[in-house]
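User: I'd like to go through how some labels in this model were assigned. Could you help me with the reasoning?

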Amino acid sequence: MQMTILIIALVLMAVVALTFWRVVSAVNAETSLSNVGSRRSTLFWVLVVFGILVTVGSLHQWPHTVATGDGVVQVNATGAQWSWEIDTQKVPVGKKVLFNLHTKDVNHGFGVIDQSGRLLFQMQAMPGYINKVTYVFDELGQYKVICMEFCGIGHHDMNDEFEVAEN
Ligand SMILES: [Cu+2]
């Protein structure tokens, strides 16, 4: 699936690049200021190469694969106005934790925050879907769960927490 998406994205980027190249070529052919056209063409290709490098460098790990197998710890979390139901309050450090995220009512945002207040990851909880995200916690401690999607008058109070502990 990821390879298919990557190939489609690369083909579409090639189509866009070829389209730009055709347009630039047509403009350059018409202009009498060939020096300006040449500089413009060079700048265009520098930007194309830069864009490809940034895209490949920043998106090559996307989308994240969902972890499966024996070593994966499953955690089921359900959002409802205005609380979370998390089926475990203790997850192991250094292991893959697969969060299965669901909601009973409206959309919620499942955000996990570490002790320093840094957002580690977040995922939408959507009615009718079980969304999955895998995360490996590297540090022991208490982690907070907040709602990151405005879901009604009690949204601000939709907090929970769990502990990351030794196995
Ligand atoms: Cu909310």
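User: Why is His155 called buried?
Analyst: Happy to show you, with the reminder that this is a predicted model. His155 has 17% relative accessibility, and buried means under 20%, so His155 counts as buried.

User: What makes Cys147 buried?
Analyst: The cut-off works again here: the relative accessible area of Cys147 is 8%, and under 20% is called buried, so the label fits.

User: How do you know which atoms coordinate the copper ion?
Analyst: Donors are N, O and S atoms within 2.8 Å of the metal. Cys147 (SG), Glu149 (O), Cys151 (SG) and His155 (ND1) lie at 1.9 to 2.4 Å, so they count as donors. Along the chain, the donors follow the spacing C-x1-E-x1-C-x3-H.

User: And why is the site of the copper ion called tetrahedral?
Analyst: Four donors earn that name if all angles lie between 85 and 135 degrees. The angles among the four donor atoms are 86 to 123°, so the site is tetrahedral. For reference, the ideal angle for four tetrahedral donors is 109.5 degrees.

User: Let's turn to Thr103 in strand E4. What makes the pairing of its side chain with Gly79 a polar contact?
Analyst: A polar atom of the Thr103 side chain lies 3.3 Å from the backbone oxygen of Gly79, and the limit is 3.5 Å, so the distance qualifies. The Thr103 side chain also has a polar atom 3.2 Å from the backbone nitrogen of Asp105.

User: Why does Thr103 count as buried?
Analyst: Its relative accessibility is 2%, and buried means under 20%, so Thr103 is buried.

How values were computed. Residues numbered from 1 in each chain as written. Predicted model: local features only at pLDDT ≥ 70, side-chain atom pairs only at ≥ 80, totals over all residues. Heavy atoms only, no water. Donors = N, O, S within 2.8 Å, 3.2 Å for Na, K, Ca; no water. Tetrahedral: all angles 85-135°; square planar, octahedral: opposite > 155°, others 65-115°. Buried < 20%, exposed > 50% of the residue type's maximum accessible area, 1.4 Å probe, protein only. Helix = DSSP H or I, 4+ residues; strand = E, 2+ residues; numbered from the N terminus. Polar contact = N/O pair within 3.5 Å; in protein donor to acceptor, adjacent residues only side chain to side chain.
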